[in-house]
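Q: Got a minute to go through this model with me? I'd like to start with the DNA contacts.
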Protein chains: 2
Amino acid sequence: MTLAIQNGDTAFRPTGGPFSMNELSSSRFPHSDSVVFNFATGEEVVGEGDPADHFYMVVKGMFRAVKVTRDGRRQIFAFYLPGDMCGLEPGARYDLTIEAVNAGSMAALSRVACRARMNRDPVFNSAVFEGATRALALAVDHMTMVGRSSAEERLAWFLTMLRDRSSAPGRHPPVVELVMQRQDIADYLGLTIETVSRTFTHMKERGLIALPTTRRVEILKPEHLERLAAADRDAPVWDRTSYA
Amino acid sequence: MTLAIQNGDTAFRPTGGPFSMNELSSSRFPHSDSVVFNFATGEEVVGEGDPADHFYMVVKGMFRAVKVTRDGRRQIFAFYLPGDMCGLEPGARYDLTIEAVNAGSMAALSRVACRARMNRDPVFNSAVFEGATRALALAVDHMTMVGRSSAEERLAWFLTMLRDRSSAPGRHPPVVELVMQRQDIADYLGLTIETVSRTFTHMKERGLIALPTTRRVEILKPEHLERLAAADRDAPVWDRTSYA
DNA sequence: CGTGATTTTGAGAAGTATCAAGAGGAGTGG
DNA sequence: CCACTCCTCTTGATACTTCTCAAAATCACG
């Protein structure tokens, strides 16, 4: 893992969006205390069980929170985009592995420094707490989805979420860049890779989406997709912040 | 909802067990600030969206954290036993509904009083934080289970959890009292009630368990059940504390 | 232009849901 | 104490979704 000291206020490109966690972005979280690390595709940021001594904020790229079980089953709990914080858990050790989905970088802030900052900066403090809260709320939604929805509903939910979180909300038709590969989507949604692929195909055939390339989705019928996504939920709040 | 002012240190019967959250039990959490409320079967403690002004600790009986979606799908996120805390979420409103599974009672402590206490009692403070942390860890496990396990593995996991959390760990064969009904189990595990019932029958036929009554399970082959339960996980830590 | 990884497609099997009916239990009133 | 009723739980038959295994197609990259 390469290291780069961040100089002042540059380097941060918060993606914007209706998320109060953005209060933490650019100007607030990364300041002279923080250090930016670069990661190659697949590289590990923190491993499950590592001592939890830092908080992280995504600067660039996409990251994932993963747990792999003894017998190889794999579950992804969150994808992090620029501006998202992770490593928020108050415990002594990380609970999940955080890996780079593609090449990217993270700002790391030591917990000690963070604690100090929380004490002297009420906005920062409440934002971090709110982040933890919403991680729980998101887990609730995620679990309901995994436990109770069909493959098509799950994928619709996923695409809707990515669209809402992505930094280019104005385009028509809305375009979602799938940075992660199919296996990651499957492990996030509790499906197999084949089912994910078939569901993409099915949505394409029904005219809901177009797939100009494997990793790019054009949402042709956003309302339809949203209806599918929200079939079993109400007013989901997409959370840019999670924990790990 | 009936009200009873608690007098001093009586009334609490922590069930014991290997859970550090018990540091909060009897002597710590409920003290002169707290008030005990009684609840009838099915009665609501807090509803989703209510202002989150209190923390709660189960004194007697069993409670559940529920979310029901627009179209009637229902997901249960936790069952709370005596000594468990809920309502821990830092946000302004409760995220889930908490209901009494059977007749029971809860000690309520206002958040204001709790905050004050957290400031002057470091043990209490860290215990509450640890509780929130483990709620997240439990959600991770729960989600992996719901997303990746078979019906039999889920039920084995559930029974193992209840046995570990129950207050009578010494009996042979281990006996689990199912206070909740089948629908609750189904909604906790992401299954249908019929599948839960069939899986019970199947386990009975295989000699893993006995069902002297509908709501009482004797675990005849604990090791076998544990093997099933842990098939896709490692060393689960059963958590007496969750959030809502 | 190969070569390996990723994704898609296909066929069949397995597991769970659904719909429907029956059995068991608890409470009530005669 | 026994019927009656309601509710929960179990069982059965079938349909459907998703998984599994296998192979083909596409993509990424040297």
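Q: What does Arg215(B) have near a phosphate oxygen of DNA strand D?
A: A polar side-chain atom of Arg215(B) lies 3.1 Å from that phosphate oxygen of DNA strand D. A polar contact here is a pair of N or O atoms within 3.5 Å; within protein, one must be able to donate a hydrogen and the other to accept it, and residues adjacent in sequence count only if both atoms are side-chain atoms.

Q: Before we go on, what are the ground rules?
A: This is a predicted model, with local features needing pLDDT of at least 70 and side-chain atom pairs counting only at pLDDT 80 or more, while totals for chains, interfaces and linings use all residues. Residues are numbered from 1 along each chain as its sequence is written, chains are lettered from A and ligands numbered from 1 in the order in which they are written, and side-chain values use heavy atoms, leaving out hydrogens and water.

Q: OK, back to strand D. How far is Thr201(B) from a phosphate oxygen there?
A: For Thr201(B), a polar side-chain atom sits 2.5 Å from a phosphate oxygen of DNA strand D. Arg198(A) goes to a base instead: one of its polar side-chain atoms is 2.8 Å from a base oxygen of DNA strand D.

Q: How many residues surround DNA strand D?
A: 17, and the closest are Ala151(A), Thr195(A), Arg198(A), Arg198(B) and Thr201(B). A residue is near a strand if one of its heavy atoms lies within 4 Å of it. Looking at the DNA side, 67% of the strand D atoms within 4 Å of the protein belong to sugar or phosphate, and the rest to bases.

Q: Which element gives the largest share of that surface near DNA strand D?
A: Helix 5 of chain B, with four residues. Helices (H or I, at least four residues) and strands (E, at least two) are DSSP runs, numbered from the N terminus.

Q: And strand C, which residues come nearest?
A: Of the 16 residues around DNA strand C, the nearest are Arg198(A), Thr201(A), Ala151(B), Thr195(B) and Arg198(B). Sugar and phosphate make up 65% of the strand C atoms that come within 4 Å of the protein.

Q: Any phosphate contacts on that strand?
A: Thr201(A) has a polar side-chain atom 2.4 Å from a phosphate oxygen of DNA strand C, and Arg215(A) has one at 3.1 Å from a phosphate oxygen of that strand. Ala151(B) uses its backbone, with an N or O atom 2.6 Å from a phosphate oxygen of DNA strand C. The largest share of the surface near DNA strand C, four residues, comes from helix 5 of chain A.

Q: Changing topic: how do helix 3 and helix 5 of chain A cross?
A: Their axes come within 10 Å and cross at roughly 80 degrees, helix 3 being residues 151-165. The axes are lines fitted to C-alpha atoms, for helices over the stretch in contact, and angles run from 0 to 180 degrees between N-to-C directions. The two helices are therefore roughly perpendicular to each other (under 35 degrees is roughly parallel, over 145 roughly antiparallel, 65 to 115 roughly perpendicular, the rest oblique).

Q: Last one: is Thr199(B) buried or exposed?
A: Buried, because its relative accessibility is 8% (buried is under 20%, exposed over 50%, partly exposed in between, with a 1.4 Å probe and protein chains only). Thr199(B) is in helix 5 of chain B, residues 193-205. Not counting residues up to four places away in sequence, Thr199(B) touches Ala151(B), Glu152(B) and Leu155(B), where contact means heavy atoms within 4.5 Å.
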